[in-house]
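Got your viewer ready? Load the model, switch to the cartoon view, and let's take a walk through it.

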Amino acid sequence: MLKLLEDYLKQKSSQGIALAFSGGVDSSFLLAVLGKLYQENPFPLQALTMHGILQDEKEMSDAKDFAQKFGIKQKIFRFNPLEIEAVKHNQQERCYFCKRSIFEKFSDYAKEQGLTFLMDGTNADDLKTFRPGKKALQELVVISPLAELGFSKAQIRQLSQELGLETASKPAVPCLATRFAYNTLLDEEKITRVAKAETKLKQLFPKIKDLRLRVHDDLARLEVQQADFPQIFSRYTEVVDSLKPLGFKFITIDLQGFRSGSFDNNSK
């Protein structure tokens, strides 16, 4: 399948490619393949990264390092997603409005730079899940090679491993708005608090890959895989001591275990 992707990208490379690059598994894999092609035969190519309060700081640092490793020019944009009403009020369609705003900026920049094709790392599995942002990509004619060619998440991880990419086993890191129930009014203080809380938990449990802290006012609901429960229970005092100073009065573990997008209406 790698050859199929390379041929697809080669056909478009001469007209210039701008890749929306978050540093996650999918966009990193796509950037690595583009970087390989660029080294073989240079063409107009840039990685576009959006830096906002809903992204983890470490993710931004990792994204910078990854782009530099492949010698690809990276343009970092900054914006405040909380200026978008749908995001500020954490509406169910917030992802559409946020992604629309981000990709409008990317699209304008790509045109200014003479980069014909704006791409992103959407994969084939993403097309089967609740993702309001897909509509924004369609409206702005963003190309998703991995989805278009049928690459699943598992295949992307496997190929990433074969390419020796450190992102092959990287867990998903969705935006921090997903830690709150829909229609919760978001502000910088709430976002910063949950970011600090998850950072502390990841420091306590570096071997736990899937970890989310869902926030219900002053209650913190911890989601991990059920197989990881013993780790949490064995250090529950440290968990409490880490989260209480951040203003959480109640701290609990979700007995259903980790569920991606557990606040979505279609979750079980």
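A contact here means heavy atoms within 4.5 Å. With that in mind, look at the whole protein: of its contacts with a separation of 6 or more, 74% join residues 24 or more positions apart. Before you go on, note that this is a predicted model, where local features need pLDDT of at least 70, side-chain atom pairs count only at pLDDT 80 or more, and totals for chains, interfaces and linings use all residues. Residues are numbered from 1 along each chain as its sequence is written, and side-chain values use heavy atoms, with hydrogens and water left out.

Stay zoomed out. The C-alpha atoms fill a box of roughly 55 × 40 × 30 Å along the principal axes. Color by burial next: 50% of the 268 residues are buried (under 20% relative accessible area, with a 1.4 Å probe and protein chains only).

Now color by secondary structure. You'll find 11 helices and 7 strands, taken as DSSP runs (helices are H or I with at least four residues, strands are E with at least two) and numbered from the N terminus.

Next, select residues 2–13, helix H1, and residues 25–40, helix H2. How do they pack? Their angle is about 65°, and their axes are 10 Å apart. That makes H1 roughly perpendicular to H2 (the label covers 65 to 115 degrees).

Finally, show side chains where the two helices touch. On H1, pick Leu2, Leu5, Glu6, Leu9 and Lys10. On H2, pick Phe29, Leu30, Val33, Leu34, Lys36 and Leu37.

Note on methods
Axes are lines fitted to C-alpha atoms, for helices over the stretch in contact, and angles run from 0 to 180 degrees between N-to-C directions. Angles under 35 degrees count as roughly parallel, over 145 as roughly antiparallel, 65 to 115 as roughly perpendicular and the rest as oblique.
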